[in-house]
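Biologist: I would like a close look at a single part of this model, taken slowly and with its surroundings included.

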Amino acid sequence: MKQLVNAFLAILLVAFGLMFLGSRLNSAEGYTGGNTLTIYNWGDYIDPDLLEQFEKETGITVIYQTFDSNEAMLTKVEQGGTVFDVVVPSDYAIAKMREENLLLPLDHSKIPNLANIDSRFMDLSFDPGNKYSVPYFWGTVGIIYNPEMTGDIDFSSWDSLWDKRLNNNIFLVDGAREVMGMALNSLHYSVNDTNEEHLQEALSKLNKLSPNVKAIVGDEIKMLLANEEAAVGIVWSGDASEIMDENDKLDYVVPEEGSNKWFDNMVIPKTAANVEGAHKFIDFMLRPEVAAQNAEYVGYSTPNVPALALLPEDISGDERFYPPAAITDRLEVYDNLGKRMLAHYNELFLKFKMNKK
């Protein structure tokens, strides 16, 4: 009997030990709530000093993890291996997460600083009424170019890219929606067009662009353009800002036919362990002084109106990155076109890339 009791006690000790170890590991991975907040964001997309400030103010320990694509983020959230409390997906990914019931509705009464967001960037198609998301950063897709290398070419129209003087001198970002959207806009169609005749027309026009395309590239496009490896690039405005910081010869424009207006928003996943802390963090990031500091650090455009007033004039007054309503009103957010149509966009983009080779 004594041996049985000792064996039972040993088993209990091992069990409690495993439970304690599991709890510590889960906390480190963001599985628990309480005084821990697990944030999942793009790389180098927040001022680290702000995370420290939030921790000091609230007593909440922040665990910060990063992703490099919406697809990678979606996969990890869907798998549920790690519990995230705040995630920062892009517009079309938010629409997909809504459809798949992966998000918690926000309690707007706990986010009073939501009133600081520009009304132009609220109540958009991917999240009507901002039921699930709050704007973090925003921007456009446009043309970055080196005037010293392009001469008198006027880039106010997408059609400028087909100028024969740009032979083998354009870098395209490796994104189906961006490149197909550019071609559709150049034909005065929507970036969300699903008309097959229009899509084929866009592909045909892209194929005619091939002689001017030096390469279709990923993140390295920033370094390549800053180093003047090509005269022109199709990029997101945030990347354009970074490139221009490295090489002030470059300029950026959103063509008059229209373009994409993108958003990265803060959301709370349905599996969040610290919902209260998540709301506190979102409201913290919407404070004017916090949003301004973050925008200056990251270099992307803030949707926060009073924060904009706190930024240096050379930033807030730069209409290339803070365009007026007359420009933003003609820009479009990417709609979630559904799996079948998105696959078709990717197929057409692949055909263009194969033709380029």
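Biologist: Is Lys214 buried, partly exposed or exposed, and what is its relative accessibility?

Modeller: Bearing in mind that this is a predicted model, Lys214 has a relative accessibility of 35%, and because buried means under 20% and exposed over 50%, Lys214 counts as partly exposed. The residue lies in strand β6, and, leaving aside its neighbours within four places in sequence, Lys214 is in contact with Asn168, Asn169, Ile170, Phe171, Glu229, Ala230 and Lys356.

The last of these contacts, Lys356, leads to helix α15, which runs over residues 339-356. The 18 residues of α15 should span 26 Å at 1.5 Å a residue, and its end C-alpha atoms are indeed 26 Å apart, so expectation and model agree. Within α15, Met341, His344, Tyr345, Leu348, Phe349 and Phe352 are buried, and because they cover an arc of only 135° around the axis, they sit on the same side of the helix. On the other side of α15, Lys339, Arg340 and Met354 are exposed.

What covers the buried residues of α15 includes β6, the strand of residues 213-217, together with β5, α6 and α7. Of these, helices α6 and α7 pack against each other with their axes 9 Å apart and at an angle of about 100°, and are therefore roughly perpendicular. Their contact is made by Val179, Met180, Met182, Ala183, Leu184 and Ser186 of α6 and by His198, Leu199, Ala202, Lys205, Leu206 and Leu209 of α7, a set that divides into nine nonpolar residues, two polar and one charged.

Definitions and conventions:
Residues are numbered from 1 along each chain as its sequence is written. This is a predicted model: local features need pLDDT of at least 70, side-chain atom pairs count only at pLDDT 80 or more; totals for chains, interfaces and linings use all residues. Side-chain values use heavy atoms; hydrogens and water are left out. Axes are lines fitted to C-alpha atoms, for helices over the stretch in contact, and angles run from 0 to 180 degrees between N-to-C directions. Helices (H or I, at least four residues) and strands (E, at least two) are DSSP runs, numbered from the N terminus. Angles under 35 degrees count as roughly parallel, over 145 as roughly antiparallel, 65 to 115 as roughly perpendicular and the rest as oblique. Contact means heavy atoms within 4.5 Å. Ala, Val, Leu, Ile, Met, Phe, Trp, Tyr, Cys and Pro count as nonpolar, Asp, Glu, Lys and Arg as charged, and the others, Gly among them, as polar. The expected span of a helix is 1.5 Å times one less than its number of residues. Buried means under 20% relative accessible area, exposed over 50%, partly exposed in between (1.4 Å probe, protein chains only). The arc is that of the directions from the helix axis to the C-beta atoms.
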